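Biologist: Got a minute to walk me through this one? I'd like to poke at a few spots.

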Amino acid sequence: MKRIVFLIIPLLFACKEVKKEDRIVESEKPSKPVVKLYTLDGGTIVVNNLQLFSQDTTYQGQSKEFANAFYVVSHPKGNLVWDTGLPDGLVGLPEPFTTPDGAFTVSRKDSLANQLSALGMTVNDFLYVALSHTHFDHTGTANAFKEATWLVQEAEYDFITSEASQKTNADGYNAIKELQNIKKLNGDFDVFGDGTVIIKSLPGHTPGHQALYLELNESGSVLLSGDMYHFNENRIYRRVPIFNFDVAQTQSSMEAFEAFAEEKGAWVILQHEKKDFESMPTATNFLQ
């Protein structure tokens, strides 16, 4: 009997040691940094010719109102602005502005500076500026972040700064020409090196189109779409706008986008979808 007792006692101590070690390993796991996401209002876009957003005649004769959100990402290592909305020059206009081709009517109620002020920030508080792509509704106030480092796919940079683009798309080039601190990317990029803020390369809409993945602690993960899709119906049916740079590349990027969103269990936010914009906390509210 004594022999059995003496055999059991060391086993009990061994079990206690394993549990203690488990607790030590658990306590040594590094906690992820607190990342905050703020949604800002970059204006409103009325698409007068929705037919532009499909390769077939699905939307012939239709129009649709788009939101135009942009975002501030706060990370312990620095702030990043994702897209910048329509130009501030639209603020205060007596009437919305319609593009010369009649395709879009745009307006903006609140300025970049005013919205940042509500967050206790200025443009000088940003380490990075990243644009999903260089279309006019995403670059409207980009030059204001000229002290920040522009995170841009090399293909997008080469496209928008080319001599041809400067001649045929002068407004597009002028919207980013003051961004001189440049980090060129070739593929996905972990912005802060900890997996919480990742730029996803998804070309096709433009040569260097990209999306943004965020891990927001207890609120889970978010995937900001850029213009991978403009509204829910186009996501459901994988419709490609007629003005996309490369249709096949877009379709391939759609597959990659959906696979990544499923893998991460991410909440997908379509940046031009009004319902998605209205579901996000804005101004001084944030997800944590």
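Biologist: Which residue in E12 does Leu-212 stand opposite?
Modeller: Leu-212 faces Leu-224 in E12. Bear in mind that this is a predicted model.

Biologist: How many bridges hold E11 and E12 together, and in what sense do they pair?
Modeller: There are 4 bridges between E11 and E12, which is residues 221–224, and the pairing is antiparallel.

Biologist: And what about E10, how many bridges does it make to E11?
Modeller: E10, residues 197–201, is joined to E11 by 5 bridges, and the two run antiparallel. In that pair, Ile-199 is the residue opposite Leu-212.

Biologist: How many of the residues in E11 are buried?
Modeller: 6 of the 6, covering residues 210–215, so E11 is largely enclosed by the rest of the structure.

Biologist: Which residues sit on each side of E11?
Modeller: Gln-210, Leu-212 and Leu-214 are on one side, while Ala-211, Tyr-213 and Glu-215 are on the other, and both faces are covered. That fits the usual rule: in a regular strand the side chains alternate between the two faces of the sheet.

Biologist: A Glu in there caught my eye. What's the relative accessible area of Glu-215?
Modeller: It's 17%, and since buried means under 20%, Glu-215 counts as buried.

Biologist: What does Glu-215 touch, leaving aside neighbours within four places in sequence?
Modeller: Glu-215 is in contact with Lys-32, Val-35, Gly-195, Thr-196, Gly-220 and Ser-221. Lys-32 is 183 residues away in sequence, yet the C-alpha to C-alpha distance to Glu-215 is 9.0 Å.

Biologist: What share of the chain's contacts is long-range like that, 24 or more positions apart?
Modeller: Counting contacts with a separation of 6 or more, 67% are between residues 24 or more positions apart. As for burial across the chain, 47% of the 288 residues count as buried.

Biologist: Switching topic: what's the strand order in the open sheet of 8 strands?
Modeller: The order is E4-E5-E1-E2-E3-E6-E7-E8, and the pairing is mixed. E4 and E8 are at the edges with a single partner strand each, so one side of each has no neighbour in the sheet.

Biologist: How do E1 and E2 run, and how many bridges join them?
Modeller: They run antiparallel, with 10 bridges. In that pairing, Lys-36 stands opposite Ser-74 in E2.

Biologist: Tell me about Ser-74. Is it buried or exposed?
Modeller: Buried, with a relative accessible area of 17%. The side chain of Ser-74 makes a polar contact of 3.4 Å with that of Asn-79. Beyond four places in sequence, Ser-74 touches Val-34, Val-35, Lys-36, Tyr-38 and Asn-79.

Biologist: Any odd backbone angles? What's phi for Asp-83?
Modeller: Near 65 degrees, which is positive in a residue other than glycine. Asp-83 is in the loop between E3 and E4, and at 0% relative accessibility Asp-83 counts as buried.

Biologist: And Arg-238, what's phi there?
Modeller: Positive too, near 55 degrees. Arg-238 is in the loop between H6 and H7. With 32% relative accessibility, Arg-238 counts as partly exposed.

Biologist: OK, helices now. Which residues of H3 are buried?
Modeller: Glu-156, Tyr-157, Ile-160 and Thr-161. They span an arc of only 110 degrees around the axis, which puts them on the same side of H3. There's a general reason: an α-helix has 3.6 residues a turn, so residues three or four places apart point the same way.

Biologist: What do those buried residues of H3 pack against?
Modeller: Strand E7, helix H4, helix H5 and strand E8.

Biologist: Last one: how much space is in the largest pocket?
Modeller: About 890 Å³. The pocket is lined by 36 residues, and Thr-134, His-135, Phe-136, Asp-137 and Asn-169 are the closest to its centre.

Biologist: Which element gives the most to the lining of the largest pocket?
Modeller: H5, with 3 residues. E1, E5, H3 and H5 each supply at least two residues of that lining.

Note on methods. Residues numbered from 1 in each chain as written. Predicted model: local features only at pLDDT ≥ 70, side-chain atom pairs only at ≥ 80, totals over all residues. Heavy atoms only, no water. Buried < 20%, exposed > 50% of the residue type's maximum accessible area, 1.4 Å probe, protein only. Pairing = 2+ DSSP bridges. Polar contact = N/O pair within 3.5 Å; in protein donor to acceptor, adjacent residues only side chain to side chain. Contact = heavy atoms within 4.5 Å. Arc of directions from axis to C-beta. 1 Å grid on protein atoms, 1.4 Å probe; cavity = no way out; pocket = protein on both sides within 12 Å on 5 of 7 lines; lining within 4 Å. Points joined across faces, edges and corners; volume = space filled by probe spheres on them.
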